[in-house]
Amino acid sequence: MGPLPTTPVAEVRIVEEDRRLARVSRSTLTYMYDSGVGLESRLRWHRGNLRFYADEAHDLVEAMRLAGRLTGVDRNIARAGRRNDRMRAEIVRREVERRDP
């Protein structure tokens, strides 16, 4: 017999997050989604500012520091987008279940 199959950590975290979302009320879920959309919007605005400063930077060290910050902001935007997608899917799932006879 071979080793038992294991579930990758990322998949376990997604399943746990989906279970947590299923336990919260609809109003809480809507509030969390609205907050997440606002966060994603603010991160995009911040990325625009950082890009402007990076384009205007005349010091190589400062430009490299800003490039690192841009990478982090891009990663945070992607993370917030994925979280918002999961919340939106849960909201839609609840709407479909409520309308389904």
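Here are a few friendly notes on this predicted model, set out point by point.

1. **Overall layout.** The protein chain has three helices and zero strands, giving the pattern α-α-α when read along the sequence. Of its 101 residues, 24% count as buried. Two of the helices come up repeatedly below: helix 2, which covers residues 26-56, and helix 3, which covers residues 60-99.

2. **A link between helices 2 and 3.** A search of the whole structure finds nine salt bridges. One to look at is the pair D74 and R47, with the closest N and O atoms 3.1 Å apart. D74 lies in helix 3 and R47 in helix 2, so this pair ties together parts that are 27 residues apart in sequence. The two partners are worth viewing with their surroundings: D74 is partly exposed at 31% relative accessible area, while R47 counts as buried at 18%.

3. **Salt bridges within helix 3.** R88 and D85 meet through their side chains at 2.3 Å, N to O. Both lie in helix 3, three residues apart, or about one turn of the helix. R88 has 36% relative accessibility and counts as partly exposed; D85, at 41%, is also classed as partly exposed.

4. **A network further along.** R93 and E90 form a salt bridge of 2.4 Å, N to O, and this pair too sits in helix 3 with a spacing of three residues. Here R93 is partly exposed at 33%, but E90 is buried, with a relative accessible area of 9%. Do follow the contacts outward, as E90, R93, R94 and E97 are linked in a network of salt bridges.

5. **R26 and R94.** R94, a member of that network, also has a C-alpha atom 8.3 Å from that of R26, although the two residues are 68 apart along the chain. R26 is found in helix 2 and counts as partly exposed, with 40% relative accessibility.

6. **N84, a buried polar residue.** Is N84 buried or exposed? At 2% relative accessibility, N84 counts as buried, since the cut-off for that class is under 20%. N84 is part of helix 3, and its side chain makes a polar contact of 2.9 Å with the side chain of E40.

7. **A positive patch.** On the surface, R75, R79, R82 and R83 gather in a patch of positive charge. Among them, R82 is found in helix 3 and is partly exposed, with a relative accessible area of 48%.

Note on methods
Residues are numbered from 1 along each chain as its sequence is written. This is a predicted model: local features need pLDDT of at least 70, side-chain atom pairs count only at pLDDT 80 or more; totals for chains, interfaces and linings use all residues. Side-chain values use heavy atoms; hydrogens and water are left out. Patches are made of residues with over 30% relative accessible area and no salt bridge: like charges are joined within 9 Å, nonpolar side chains (Val, Leu, Ile, Met, Phe, Trp, Tyr) within 5 Å. Accessible areas come from the Shrake-Rupley method with a 1.4 Å probe; for residues, only the protein chains shown count as cover. A salt bridge is a side-chain nitrogen of Lys or Arg within 4 Å of a carboxyl oxygen of Asp or Glu. Lys and Arg count as positive and Asp and Glu as negative; His and the chain ends are not counted. The place of a charge is taken as NZ of Lys, CZ of Arg, CG of Asp or CD of Glu. Helices (H or I, at least four residues) and strands (E, at least two) are DSSP runs, numbered from the N terminus. Buried means under 20% relative accessible area, exposed over 50%, partly exposed in between (1.4 Å probe, protein chains only). A polar contact is a pair of N or O atoms within 3.5 Å; within protein, one must be able to donate a hydrogen and the other to accept it, and residues adjacent in sequence count only if both atoms are side-chain atoms.
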